[in-house]
Amino acid sequence: MKPIQLISPVDGSVYAERTPLTLDAARAAAARAKAAQKGWAARPLAERIALVKAGVANLNANAEKIVEELAWQMGRPTRFGGEFGGVNARTEYMSEIAEATLAPQTIEDSDKFRRYLAREALGVVFIVAPWNYPYLTTINTLVPALIAGNTVVLKHASQTMLVGERLAEAFHAAGVPADVFQNVVLDHATTEHLIANRAFNFVNFTGSVGGGQAIERAAAGTFTPLGLELGGKDPGYVRADANLDAAVDTLMDGAMFNAGQCCCGIERIYVHESLYDAFVEKAVAWVKTLTLGNPFDAGSTLGPMANKRFAAVVRGQIAEAVAAGAKALIDPALFPADDGGAYLAPQVLVNVDHSMRVMMEESFGPVVGIMKVKDDAEALRLMNDSPYGLTASIWTTDYDTAADLGAQIETGTIFMNRADYLDPALCWTGCKDTGRGGSLSYLGFLSVTRPKSYHLKKV
Ligand code: NAP
């Protein structure tokens, strides 16, 4: 098989390469996961939780190397220190609720009947992970799947192929058996072949809409349940009663952090006409405080995009919008590190509308379009005018209006006065082209287990 190469966005070098498994070897890996599952599920829940937590503790112990590798693999500045805060909080929360969530629910326990609903592990869970938050997106499924008694096969993104290795090393060193959690390098054809041939009992795919569609097609007719966590074009809406400075600060950070490569990053902003001019002025000033540069430089707050082909998509969207009448408010000359490749200057666009791709298609880069709106109704119409539905961020001091607007927005999460955040106690989910299913919260456990009904008659 031809090796898969990881090209670093830092300097364009080949940072790692791995040969994908042959179909036979991949089938054998899936078979080992299946064979190991019943034994893993038979272990006490407390033991599984302890092993998972020990695996995550090992990751933390390796933080320095992990942060450095993340910068090489996908360009995130080392000053941000990796993804440990979220990884630890999510692991902690899912561990804490596991017993209560997975416990059988008694319907009747009388002298005649014992009837209860149990949750049973699905079997082998297959995780197909993206590069943009490579630890967090994997942990969201890995932790509940293992705790619930599934075995896991992980296929990580080529751009972050070392992340799968680090996770597997950490968990194996903690005592999770090698066949209970396997990291595999697979090409797309082998990935799809395994799914189509019922190698797995659940597939969690996090990635692009096109990738999700390919996975759904591969699974067609197999009845394999799928969790599809796909793209977004998340809006922010600044009402007339918003705290302007807080709105600018959080929404612009939501747009630019991780070079805009956040599934729930802010990609379009609608501002009430009374605040519009002030918002735009402050947003531009905010962006000018960023420093684009090598992710290993302590001063860099914006690294390169993970791959120059991703930056090319964003450059194309910006150029097209400007040609159609948009105004670009940031002079790229202010960001001399922009090299026409992966290092891309951030951009703020006004005079935009929904005929432009930059307002309708996922950009997944450091660009945001800002539009003026006259009232809630117009903001609502524009927020819902999107093929995606992951999160929406409303800025207001009026809690009731935020909740009321929230009920009318087609989205997975409503934020009021915050953005770009995952709460482990709430379900991470989306609608429309953002996919289906959900991870985190108690519902995250329901995705990796199935109900089993016990109807026991006493004679
Ligand atoms: P991607 O290109 O779809 O890849 C995601 C993963 O799927 C990678 O492991 C990739 O492998 C694999 N893959 C893609 N197409 C495949 C196919 N036809 N058959 C088998 N495997 C396939 O997405 P990405 O560029 O890594 O991630 C960015 C996208 O993920 C964005 O759209 C973002 O919004 C979305 N995302 C969503 C969430 C959420 O929670 N909703 C979270 C994070 C990211 P290779 O790398 O080897 O190609």
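Here is a short conversation about one sheet and one of its residues in a predicted model.

Student: In what order do the 7 strands of the open sheet stand?
Tutor: Happily, we can read them from one side to the other. The pairing in this sheet is mixed. The order is β12-β13-β14-β11-β10-β16-β17.

Student: Which strands stand at the edges of the sheet?
Tutor: Look for strands with a single partner strand, because one side of each is then left without a neighbour in the sheet. That describes residues 327–328 and residues 413–416. These are β12 and β17.

Student: In what sense do β13 and β14 pair, parallel or antiparallel?
Tutor: Strand β13 covers residues 347–350, and strand β14 covers residues 367–373. Leu 349 has Gly 369 in β14 as its bridge partner. Over 3 bridges, the sense of the pairing is parallel.

Student: What angle does the direction of helix α10 make with that of β14?
Tutor: Helix α10, residues 276–288, packs on the sheet. It touches β10, β11, β13 and β14. With the direction of β14, the helix makes an angle of about 170°.

Student: Is His 272 buried or exposed?
Tutor: First, find His 272 in strand β11. Its relative accessibility is 15%, and buried means under 20%. Therefore His 272 counts as buried.

Student: Which residue's backbone oxygen does the side chain of His 272 reach?
Tutor: Among the residues that His 272 touches are Val 373, Lys 374 and Asp 375. The side chain of His 272 also joins that of Ser 274 in a polar contact of 2.7 Å. The backbone oxygen, reached at 3.2 Å, belongs to Lys 374.

Notes:
Residues are numbered from 1 along each chain as its sequence is written. This is a predicted model: local features need pLDDT of at least 70, side-chain atom pairs count only at pLDDT 80 or more; totals for chains, interfaces and linings use all residues. Side-chain values use heavy atoms; hydrogens and water are left out. Two strands pair if DSSP finds at least two bridges between them. Helices (H or I, at least four residues) and strands (E, at least two) are DSSP runs, numbered from the N terminus. Contact means heavy atoms within 4.5 Å. Axes are lines fitted to C-alpha atoms, for helices over the stretch in contact, and angles run from 0 to 180 degrees between N-to-C directions. Buried means under 20% relative accessible area, exposed over 50%, partly exposed in between (1.4 Å probe, protein chains only). A polar contact is a pair of N or O atoms within 3.5 Å; within protein, one must be able to donate a hydrogen and the other to accept it, and residues adjacent in sequence count only if both atoms are side-chain atoms. Lists of a residue's contacts leave out its neighbours within four places in sequence.
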